[in-house]
Amino acid sequence: MTVFLTEVNSMPYTATECARARQDFPALARRHGEHTLAFLDGPGGTQVPNRVIDAISEGYRRCNVNVGGMFDTSLEVVEEVAKARHAIADFLGAPSPAEISFGPNMTTLNFALSHALARALVPGDEIVITQLDHEANRGPWLKLAERGCVVREVRLGPDGCLDPDNFARQVTSRTRIIAIGLASNSLGTVTALALARSLARMVGAWLVCDAVHYAAHFPLDVQALDCDFLLCSAYKFYGPHIGVLYSRPGLLDQLQTDCLRTQKQEAPYRIETGTLNHPTLMGVTAAIDYLATWGNGTTRRTQLLSAMGVLASYEHDLARYYASEVSKFPGVRIWGPPLDPGPRAPTVSITLEGIPATQAATHLASLGIQVWAGHFYAVRVLEAYDLVKDGLLRTGFAMYNTREEVDRLVQGLRQLVARASVAA
Ligand SMILES: Cc1ncc(COP(=O)(O)O)c(C=O)c1O
């Protein structure tokens with residue numbers, strides 16, 4: 001996948017900048033007994049900087065009212081929601097804020113999208129999903145089998161990548177939707193979107209991209225990706241819990257969405273049911289503005305491209321360091337494609353022979369180290385690799401993580417492995 005770095009003149013992001021950034025995240029000062037908490041659980045949701053917390057508080061203090069009123073506070077909320085759409089349009093490289101819809105989270109929005117697309121399908125139409133995806137980009141499509149759609153699944157290869165030949169075989173003249181994640185939240189794989197796009201275009205299918213994991217780690221450009229729909233979630237990139245749907249210009253207006261006759265009928269509103277979480281949307285704008293401060297450029301868009309590029313490289317170095325240290329342990333297996341040459345998300349999942357992932361995560365938690373164990377809702381990956389019983393131990397790196405935290409993690413795992421070998 002191309003990393004979109006046009007017009008970018010990067011400023012550095014090293015341990016020095018990271019130390020500065022850490023001051024912005026109050027949660028990083030939390031302790032567990034004698035240990036400072038190490039938040040190595042970013043793929044499950046990142047911490048938020050003060051700027052985001054302040055923006056949400058300001059929303060509650062200044063204008064906690066609904067849209068549609070004739071009074072100042074209501075007009076201010078309308079303006080704040082528009083600012084959030086604009087911020088996300090800059091983040092994704094969308095042509096305009098009119099392509100950005102919001103919802104409570106990605107899963108809910110994807111169900112809403114699936115309901116809308118389903119109304120354009122007939123029994124026998126086919127949908128292609130993948131074994132690599134999070135259930136949020138499988139479940140809504142699998143449900144359409146109840147309406148007579150045929151759901152086909154692209155196989156995951158032993159290398160942690162989707163099998164390209166199998167992918168091509170799943171797509172037929174009846175394929176109407178290809179739903180694919182850009183990056184795997186369990187294995188860190190960055191998928192071959194060019195293949196998915198060319199197959200979708202060949203048969204005239206809609207291309208739906210889950211960018212929840214990808215958006216946290218790479219610059220995004222929906223126009224260059226040339227996808228029809230793209231979803232992400234702000235809590236994975238230092239913002240609050242808000243789901244985002246980008247729709248190709250004009251496309252959402254053609255769909256029959258679940259919407260009330262009393263609501264705005266045009267895009268981007270027509271897929272937004274009920275009242276949005278307005279103060280939280282102010283936090284979304286703040287998260288995007290915060291990310292932009294770490295990049296160079298003359299516009300927020302170019303600053304974001306620059307920032308995401310340098311953060312990606314910083315996080316990649318941490319992931320590479322961790323992978324190389326942990327690979328020295330006996331009985332360890334790192335799942336997913338190698339970190340180099342990449343592109344690869346900075347998310348590293350391992351198994352340790354004879355030690356279930358929950359046991360490892362519990363031991364690390366006692367040392368103030370937060371990592372995830374299990375399937376992380378990407379359960380099909382674990383089924384494909386027969387790992388459901390013991391699970392994966394997943395570490396994900398964010399802009400505020402440090403090499404010292406990796407050293408603590410490796411040391412904690414070393415203790416555990418040594419103990420297990422004594423007990424054996
Ligand atoms: C790759 C991926 N897709 C989708 C989701 C679901 O996102 P949300 O929690 O916003 O519904 C997640 C959440 O972990 C994810 O990692």
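## A walk across two domains

Start by colouring the two domains: the assignment (automatic or from a database) makes domain 1 residues 15–48 + 300–416 and domain 2 residues 54–291. You're looking at a predicted model, where local features need pLDDT of at least 70 and side-chain atom pairs 80 or more, while totals for chains, interfaces and linings use all residues. Numbering runs from 1 along each chain as its sequence is written, and side-chain values use heavy atoms, without hydrogens or water.

Next, show the contact (heavy atoms within 4.5 Å): 44 residues come from domain 1 and 43 from domain 2. About 3,400 Å² is buried between them, meaning accessible area (1.4 Å probe) lost on putting the two parts together, summed over both. Carbon and sulfur atoms give 58% of that area.

Now pick Asp90 and Arg300, a salt bridge with its closest N and O atoms 2.8 Å apart; the rule wants a Lys or Arg side-chain nitrogen within 4 Å of an Asp or Glu carboxyl oxygen. Then select helix H12 (300–326), which gives the most to domain 1's side of the contact, 10 residues. Helices (H or I, at least four residues) and strands (E, at least two) are DSSP runs, numbered from the N terminus.

Last stop: Leu245, in strand E10 (residues 243–247). Is Leu245 buried or exposed? Buried, because its relative accessibility is 0%; the cut-offs are under 20% for buried and over 50% for exposed, partly exposed in between (1.4 Å probe, protein chains only). Leaving aside residues up to four places away in sequence, Leu245 touches several residues, including Glu99, Leu113, Phe229 and Ile271.
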